[in-house]
Amino acid sequence: MAGDHYNADSFKAFFEAWLLRQRNYLDDLLSTAHGTPQNRDLQVSISRILSHYEDYYEKKSRIAQTDIFLVFTPPWFTTYEKTLLWIGGFRPGLIVRLVNQSIDDLSDEQVVRIRRLKDDTKVEERLLNNDLAKIQEKVAAPPLLEFFRHGGHDGVIGGEAAMESLKAAFQSVLASADLLRRDTALKVTQILTPAQTVRFLAAVAQLHLRVRALGLQEDAKRDPTCVALDKDPVR
């Protein structure tokens, strides 16, 4: 996908290719987790999957600059995936919950650090929820309300300026939410050992692909013309 300009179709193509790579990386993570790899091999697998996620966030940031509202109602997601959205993505707290579900050999010190991270993440999520609520209040206030009532056409005093301000506000809260998601994941990898991190990343990928598969199946039931990318994405 060349250039810096993204639309719904181009990002959908990127996202589907990204998911295919994620399936391959999951196989690698599972193979590494079930073997007896050296620490260097573990770090290679970890770096590869973290770079994979960074690629997603980079492309997502670019399309948010093009059309922020697409990221909040992404057409490349299934109906089910959209119901799980929180400020354009997953809740950061989910990352912490997955640690407790996928790692059963945490040390006492790790348990304390994970619990502290969980509490800190809840606070940050609450602050972002408040920011989002304030932005949403602007939608129902003049001159934006009049601007929308007129179909977004010129003629509403201050309407276009208010709309640009709204877009900037949504872009800002999305950037903060994405930063929290990335920082939370990074902090988890800093708490876990390399071997634990590989198992954790495998659990994240498995959950992501299962949610995707379930969403595709449900959409296919509603619309038989929908064809799932992969009927068995998690092996």
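**Exercise 1. In which helix is the place of Leu19?**

Solution. This is a predicted model, and in it Leu19 has its place in helix α1. The next step is to ask whether Leu19 is buried or exposed. With a relative accessible area of 0%, Leu19 falls under the 20% limit and therefore counts as buried. Once neighbours within four places in sequence are left aside, the contacts of Leu19 are His208, Leu209 and Arg212. A further relation links Leu19 to His52, since these two residues stand 33 apart in sequence, while their C-alpha atoms are 10.0 Å apart in space.

**Exercise 2. Describe helix α1 by its span, its N-terminal end and its buried residues.**

Solution. Begin with the span: helix α1 covers residues 8-34, and its 27 residues, at 1.5 Å a residue, should span 39 Å, which agrees with the 38 Å that separates its end C-alpha atoms. At the N-terminal end the helix is capped by Asn7, which has a side-chain oxygen 3.2 Å from the backbone nitrogen of Asp9. The buried residues of α1 include Phe11, Phe14, Phe15, Trp18, Leu19, Gln22, Leu26, Leu29 and Leu30. To read such a list, it helps to recall that an α-helix has 3.6 residues a turn, so residues three or four places apart point the same way. Finally, ask what covers the buried residues of α1; the cover includes α2 (39-66) and α9 (194-222).

**Exercise 3. Set out the secondary structure and the contacts of the chain as a whole.**

Solution. Counting the elements gives 9 helices and 0 strands, and from the N terminus on the order is α-α-α-α-α-α-α-α-α. The chain has 235 residues, of which 39% are buried. For the contacts, consider those between residues at least 6 apart in sequence: 75% of them join residues at least 24 apart.

**Exercise 4. Which residues are in contact with Glu125, leaving aside its neighbours within four places in sequence?**

Solution. First place the residue: Glu125 lies in helix α6, which takes in residues 108-139. Its relative accessibility is 10%, and for that reason Glu125 counts as buried. The residues in contact with Glu125, beyond those neighbours, are Trp86, Arg91, Pro92, Gly93 and Leu180. With Gly93 there is also a polar contact, in which the side chain of Glu125 reaches the backbone nitrogen of Gly93 at 2.7 Å.

Lys118 has its place in helix α6 as well, but at 36% relative accessibility Lys118 counts as partly exposed. Lys118 and Thr184 are 66 residues apart in sequence, with a C-alpha to C-alpha distance of 9.0 Å.

**Exercise 5. Is Asp178 buried or exposed, and which residues does Asp178 touch?**

Solution. The place of Asp178 is in helix α8, which runs over residues 159-191. Its relative accessibility is 7%, so Asp178 counts as buried. If residues up to four places away in sequence are not counted, Asp178 touches Tyr57 and Lys60.

**Exercise 6. What is the phi of Ile87, and where is Ile87 found?**

Solution. Ile87 is not a glycine, although its phi is positive, at about 50 degrees. Ile87 is found in the loop between α4 (79-83) and α5. Its relative accessible area is 5%, and Ile87 is therefore buried.

**Exercise 7. Describe the largest pocket and the largest cavity by volume and lining.**

Solution. Take the pocket as the opening step: about 860 Å³ of space lies in the largest pocket. Its lining is made up of 33 residues, and those closest to the centre are Tyr53, Tyr57, Phe90, Val204 and His208. Two or more lining residues come from each of α1, α2, α5 (92-102), α8 and α9, and α8 gives the most, with 7 residues. Sorted by class, the lining of the pocket has 21 nonpolar, 4 polar and 8 charged residues.

Turn next to the cavities, where the count of those of 30 Å³ or more comes to 1. The largest cavity holds about 40 Å³ of space. Among the residues that line this cavity are Phe11, Tyr56, Lys60, Trp76 and Phe77. By class, the lining of the largest cavity divides into 7 nonpolar, 1 polar and 1 charged residue. Looking back to earlier exercises, Phe11 is one of the buried residues of α1, and Lys60 is one of the residues that Asp178 touches.

Notes
Residues numbered from 1 in each chain as written. Predicted model: local features only at pLDDT ≥ 70, side-chain atom pairs only at ≥ 80, totals over all residues. Heavy atoms only, no water. 1 Å grid on protein atoms, 1.4 Å probe; cavity = no way out; pocket = protein on both sides within 12 Å on 5 of 7 lines; lining within 4 Å. Points joined across faces, edges and corners; volume = space filled by probe spheres on them. Nonpolar A, V, L, I, M, F, W, Y, C, P; charged D, E, K, R; others polar. Helix = DSSP H or I, 4+ residues; strand = E, 2+ residues; numbered from the N terminus. Buried < 20%, exposed > 50% of the residue type's maximum accessible area, 1.4 Å probe, protein only. Contact = heavy atoms within 4.5 Å. Expected span 1.5 Å × (residues − 1). Polar contact = N/O pair within 3.5 Å; in protein donor to acceptor, adjacent residues only side chain to side chain.
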